[in-house]
Amino acid sequence: MDLLEVKNLSKTYGSGEAAVHALKNASFRVPKGEYVAVVGESGSGKSTLLNLIGGLDTPTSGKVWIDGRDIFSMKERSLTVFRRRSIGFIFQSFHLIPELTVEQNIIFPLLLDYRKPDKKYLEELLSVLNLKERRRHLPGQLSGGQQQRVAIGRALITRPALILADEPTGNLDTKNTSEVVSLLKEASRRYEQTILMITHSRSIAQTADRILQVSDGVLTDFGRCRE
């Protein structure tokens, strides 16, 4: 079953001679539980693709369906709620709230939705992310790798159908990069999360189930990676 379907998705900024075609008629499908890497040079259009899929930007043309829902047919309020409940975002900059502890940062999306955290699931996430001993710490007391693990926990806590990760290892050293990539792969397997991860690293992309490339706004599907 396809969790994500993108059809003829395009985004143009400006008009006339100043027009920039950031994305050109991108189409692909992603089954539930698949871990997909999107590679491309800076300015290739890969972040535009991710922002459109996440409903953070609107396309010039084309459609995106997530879990059977046409996200651009929704009204803004409905899309905001859907995005909060069904999509987990992980960014290169961790975007943690400095005044909140590790645990509070992780459950923050649930609090925004006036929901109580599932204590058993929270404990499981803290264990998987190796953050149990840091749960009362503030972001400023954590390493970069630990902060990114908190950001991953925050993305997972709502049990979203889709996780969108934009260069999640960009600010990390080699050891922490390896740990974060392993955690994302584990999330895909353990929780059947569908993951779309942007990376400029070919070696990181090779850890995914499948690779997409965006070059000058044109998307190419290289298919499934070898096991």
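**Exercise 1. Which are the buried residues of α1?**

Solution. The model used throughout these exercises is a predicted one. Begin by locating the helix, since α1 covers residues 46-53. Next, read off the cover of this helix, which is mostly covered, with six of its eight residues buried. The residues in question are Lys46, Thr48, Leu49, Leu50, Leu52 and Ile53. As a last step, look just beyond the end of the helix, where Gly55 takes a positive phi of about 70° just after α1.

**Exercise 2. Describe the surroundings of Asn51, and state how far Asn51 lies from Asp166 in sequence and in space.**

Solution. First place the residue: Asn51 is found in helix α1. Its relative accessible area is 29%, and because buried means under 20% and exposed means over 50%, Asn51 counts as partly exposed. Then list its contacts, not counting residues up to four places away in sequence, and you find that Asn51 touches Leu56 and Asp57. Finally compare sequence with space, for Asn51 and Asp166 are 115 residues apart in sequence, while their C-alpha atoms are 9.3 Å apart.

**Exercise 3. Find the aromatic pairs of the structure and say how each is arranged.**

Solution. The structure holds two aromatic pairs. A pair of aromatic rings is described by the distance of the centres and the angle of the planes, and these two values are therefore what each step should supply.

Step one concerns Phe89 and Phe91, whose rings are stacked, with 5.9 Å from centre to centre and 0° between the planes. The two partners fall on opposite sides of the 20% cut-off for burial: Phe89 counts as buried at 19% relative accessibility, whereas Phe91, with a relative accessible area of 26%, is partly exposed.

Step two concerns Tyr121 and Tyr191, which form an edge-to-face pair with 5.6 Å from centre to centre and 90° between the planes. Tyr121 lies in helix α4 (residues 119-128), and Tyr191 lies in the loop between α6 (174-190) and β8 (194-199), so this pair ties together parts that are 70 residues apart in sequence. Both Tyr121 and Tyr191 are buried. To complete the picture of this site, note that Arg159 lies over the face of Tyr121, at 3.7 Å from the ring centre.

**Exercise 4. Which side chain makes a polar contact with the side chain of Glu34, and which makes one with the side chain of Glu5?**

Solution. Take Glu34 first, which is found in the loop between β2 (20-31) and β3 (35-39). Although it sits in a loop, Glu34 is buried, with a relative accessible area of 7%. Its side chain is joined to that of Arg210 by a polar contact of 2.8 Å. Leaving aside neighbours within four places in sequence, the contacts of Glu34 include Ser188, Gln193, Asp209 and Arg224.

Now turn to Glu5, whose place is in strand β1 (residues 2-13). The partner here is Arg29, with a polar contact of 3.2 Å between the two side chains. With neighbours within four places in sequence again left aside, Glu5 is in contact with Phe28, Arg29, Lys63, Val64 and Trp65.

**Exercise 5. What are the phi values of Asn8 and His95, and where does each residue lie?**

Solution. Asn8 has a positive phi of about 50° although it is not a glycine. This residue is found in strand β1, and with a relative accessible area of 37% it is partly exposed. His95, also a residue other than glycine, has a positive phi near 55°. Its place is in the loop between β6 (87-91) and α3 (102-112), where His95 is exposed, with a relative accessible area of 52%.

**Exercise 6. What radius of gyration does the protein chain have, and what would a compact globule with 227 residues have?**

Solution. Start with the make-up of the protein chain, which has seven helices and ten strands. A compact globule with 227 residues would have a radius of gyration near 17 Å, and the chain has 17 Å, which agrees. Along its principal axes the C-alpha trace spans about 55 × 40 × 35 Å. As for cover, 52% of the 227 residues count as buried, and the chain exposes about 11,400 Å², of which carbon and sulfur atoms supply 48%. Lastly, among contacts between residues at least 6 apart in sequence, 71% join residues at least 24 apart.

Notes. Residues are numbered from 1 along each chain as its sequence is written. This is a predicted model: local features need pLDDT of at least 70, side-chain atom pairs count only at pLDDT 80 or more; totals for chains, interfaces and linings use all residues. Side-chain values use heavy atoms; hydrogens and water are left out. Helices (H or I, at least four residues) and strands (E, at least two) are DSSP runs, numbered from the N terminus. A polar contact is a pair of N or O atoms within 3.5 Å; within protein, one must be able to donate a hydrogen and the other to accept it, and residues adjacent in sequence count only if both atoms are side-chain atoms. Contact means heavy atoms within 4.5 Å. Rings of Phe, Tyr and Trp (its six-membered ring) pair if their centres lie within 6.5 Å; planes under 30 degrees apart count as stacked, over 60 as edge-to-face and the rest as tilted. Buried means under 20% relative accessible area, exposed over 50%, partly exposed in between (1.4 Å probe, protein chains only). A charge sits over a ring if NZ of Lys or CZ of Arg is within 6 Å of the ring centre and within 35 degrees of the ring normal. The radius of gyration is taken over C-alpha atoms; the globule rule is 2.2 Å times the number of residues to the power 0.38. Accessible areas come from the Shrake-Rupley method with a 1.4 Å probe; for residues, only the protein chains shown count as cover.
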